[in-house]
Amino acid sequence: MSKPKVLVTRRWPAPVEARLQELFDVTLDEADQPLGPQQLQEALRSYDCVMPTVTDPLPAEVLQVEPLRTKILGNFGVGYNHIDVESAKALGLTVTNTPDVLTDCTADIAMTLMLMVARRAGEGERQVRAGQWSGWRPTHLLGTKVVGKTLGLIGFGRIARAMAKKAHHGFDMPVIFYDPYPPADDLCQALGASRRGSVEEVLQQADFVALHCPGSKENRHLINAERLALMKPGAYLINTARGDVVDNEALIQALKNKAIAGAGLDVYEGEPRLNPSFLELENAVLLPHLGSATEETRIAMGMRVIENVTAFFAGQTPRDKVV
Ligand code: 8YV
């Protein structure tokens with residue numbers, strides 16, 4: 001039997017690309033540039049499998065090509081908000097993602113952002129690099145203590161729970177969360193986490209609010225001006241989920257007016273072209289979507305895509321089938 005014809009839309013870590021070459025009739029993306037809608041449509045007409053990432057928007061109008069040769073979209077990433085999965089399903093496409101393998105590294109980036117923004121690490125680094133550090137003094141760049149403060153999680157899935165574990169057991173933080181589908185009580189107890197009945201309650205009570213809900217139409221601007229106004233004036237917002245979960249303009253206003261103390265962001269509306277006002281805010285820590293960006297995790301993500309796609313072409317149900 002001939003090998004499935006596979007298109008990888010971006011550069012992947014070398015060991016994964018080597019494995020792809022062994023298993024499939026694969027086209028790699030030497031240029032490492034995001035594909036446009038027409039190139040994606042051409043791919044859907046010409047390949048048995050396309051392996052996209054967050055930089056490949058696949059809405060209904062892009063997916064609807066004729067003839068559609070692609071049978072499976074093996075997404076490299078846990079989030080799949082860039083794919084219209086309902087349309088994909090209606091077209092008979094299988095979609096898979098890569099959960100589990102990026103949980104710890106993404107939670108680590110959320111912890112990094114929390115510590116950086118609380119301890120003004122970005123501001124300090126900018127001072128040192130600009131040659132503007134005049135020396136130690138008792139009132140220099142005073143931040144906020146993290147240990148013992150309340151961490152509020154919006155969404156309590158795998159990544160949120162990993163953050164809860166680090167924050168509760170490492171930093172003695174009481175954890176509160178909102179999730180419409182909460183886990184069993186014993187799991188919450190083990191993480192020192194207690195449930196709240198609404199997003200609003202978490203926002204009102206937490207010192208650090210971290211977003212861990214999926215990017216989706218329903219969650220677009222979940223954190224808007226009204227909800228930001230519920231946060232404590234000394235509180236911080238951390239976003240490693242998706243940029244559009246937060247109304248970025250409203251967040252910029254809240255940060256400018258010091259309505260909240262600061263924000264640590266890994267994702268943005270319209271990324272990588274983020275709202276330029278963010279760049280002027282000293283109380284924002286800005287990372288370039290690094291959640292899963294470790295050697296180990298990106299290799300594991302690629303291998304997980306391979307596992308899913310191999311299972312699919314062997315006639316099995318892939319482990320991470322979304323639709
Ligand atoms: C990925 C992510 O690197 O997995 C996700 O959902 O946000 C990132 O960790 C990116 O989405 C790759 O497609």
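1. Proline 67 is a good place to begin: this residue sits in the loop between α3 (60–63) and β4. The peptide bond that leads into proline 67 from glutamate 66 is cis, and its omega is near -10°. Please keep in mind while reading that this is a predicted model.

2. A second cis bond is worth a look. The peptide bond joining glutamate 271 to proline 272 is cis, with omega near 10°. Proline 272 belongs to the loop between β11 and β12.

3. Stay in that loop for a moment, since asparagine 275 is also found between β11 (262–265) and β12 (284–286). Leaving aside residues up to four places away in sequence, asparagine 275 touches Glu249 and Ile252. With glutamate 249 there is a polar contact, side chain to side chain, at 3.1 Å.

4. Those partners lead us to helix α11, which covers residues 248–256. Its buried residues are Asn248, Ala250, Leu251, Ile252, Ala254 and Leu255. Among the elements that cover them are α10, β10 (236–239), β11 and β12. Ile252, then, is both a buried residue of α11 and a residue touched by asparagine 275.

5. Both ends of α11 have something to show. At the N-terminal end, aspartate 247 acts as a cap, with a side-chain oxygen 3.2 Å from the backbone nitrogen of glutamate 249. Just after the helix, lysine 258 takes a positive phi of about 60°.

6. Now to the ligand. Which residues surround the ligand? They are Thr53, Val54, Phe76, Gly77, Val78, Gly79, Leu102, Arg242, His289, Ser292, Arg298 and Met301. Sorted by class, this shell holds 5 nonpolar, 5 polar and 2 charged residues.

7. Some of these residues place polar atoms beside the ligand's oxygen atoms. For phenylalanine 76, a backbone N or O atom lies 2.6 Å from a ligand oxygen. For valine 78, a polar backbone atom is 2.8 Å from an oxygen atom of the ligand. Histidine 289 uses its side chain instead, with a polar atom 2.8 Å from an oxygen of the ligand. On its own the ligand has 320 Å² of accessible area, and the protein covers 91% of that.

8. Helix α12 (residues 295–313) is the next stop. Its 19 residues reach 27 Å from the first C-alpha to the last, close to the 27 Å expected at 1.5 Å a residue. Two residue numbers from the ligand shell, Arg298 and Met301, fall within the range of this helix.

9. Which residues of α12 are buried? The answer is Thr297, Met301, Gly302, Arg304, Val305, Ile306, Asn308, Val309 and Ala311. These buried residues pack against α1 (14–23), β3 (49–51), β4 (72–74), β5 (94–96) and α5 (103–118). Met301 thus appears twice in this note, as a buried residue of α12 and as part of the ligand's surroundings. Following the helix comes glycine 315, with a positive phi near 85°.

10. Helix α7 (residues 158–171) can be read in a similar way. This helix has 14 residues and spans 19 Å from first C-alpha to last, close to the 20 Å expected at 1.5 Å a residue. Ile159, Ala160, Ala162, Met163, Ala164 and Ala167 are buried in α7. Their cover includes α5, β6 (151–154), β7 (175–178) and β9. After the helix comes aspartate 172, whose phi is positive, near 50°.

11. Two loop residues deserve a check of their backbone angles. Arginine 120, although not a glycine, has a positive phi of about 55°. This arginine is placed in the loop between α5 and α6 (121–129), and arginine 120 is partly exposed, with a relative accessible area of 27%. Histidine 221 is likewise not a glycine and has a positive phi of about 55°. The loop that holds histidine 221 runs between β9 (208–211) and α10 (225–228).

12. Last comes aspartate 185. Is aspartate 185 buried or exposed? This residue lies in helix α8 (residues 185–190), and it counts as exposed because its relative accessibility is 61%, where exposed means over 50%. Aspartate 185 and aspartate 100 are separated by 85 residues in sequence and by 22 Å in space, C-alpha to C-alpha.

Methods:
Residues numbered from 1 in each chain as written. Predicted model: local features only at pLDDT ≥ 70, side-chain atom pairs only at ≥ 80, totals over all residues. Heavy atoms only, no water. Near = heavy atom within 4 Å. Polar contact = N/O pair within 3.5 Å; in protein donor to acceptor, adjacent residues only side chain to side chain. Areas by Shrake-Rupley, 256 points an atom, 1.4 Å probe, with all protein chains shown as cover. Nonpolar A, V, L, I, M, F, W, Y, C, P; charged D, E, K, R; others polar. Helix = DSSP H or I, 4+ residues; strand = E, 2+ residues; numbered from the N terminus. Expected span 1.5 Å × (residues − 1). Buried < 20%, exposed > 50% of the residue type's maximum accessible area, 1.4 Å probe, protein only. Contact = heavy atoms within 4.5 Å.
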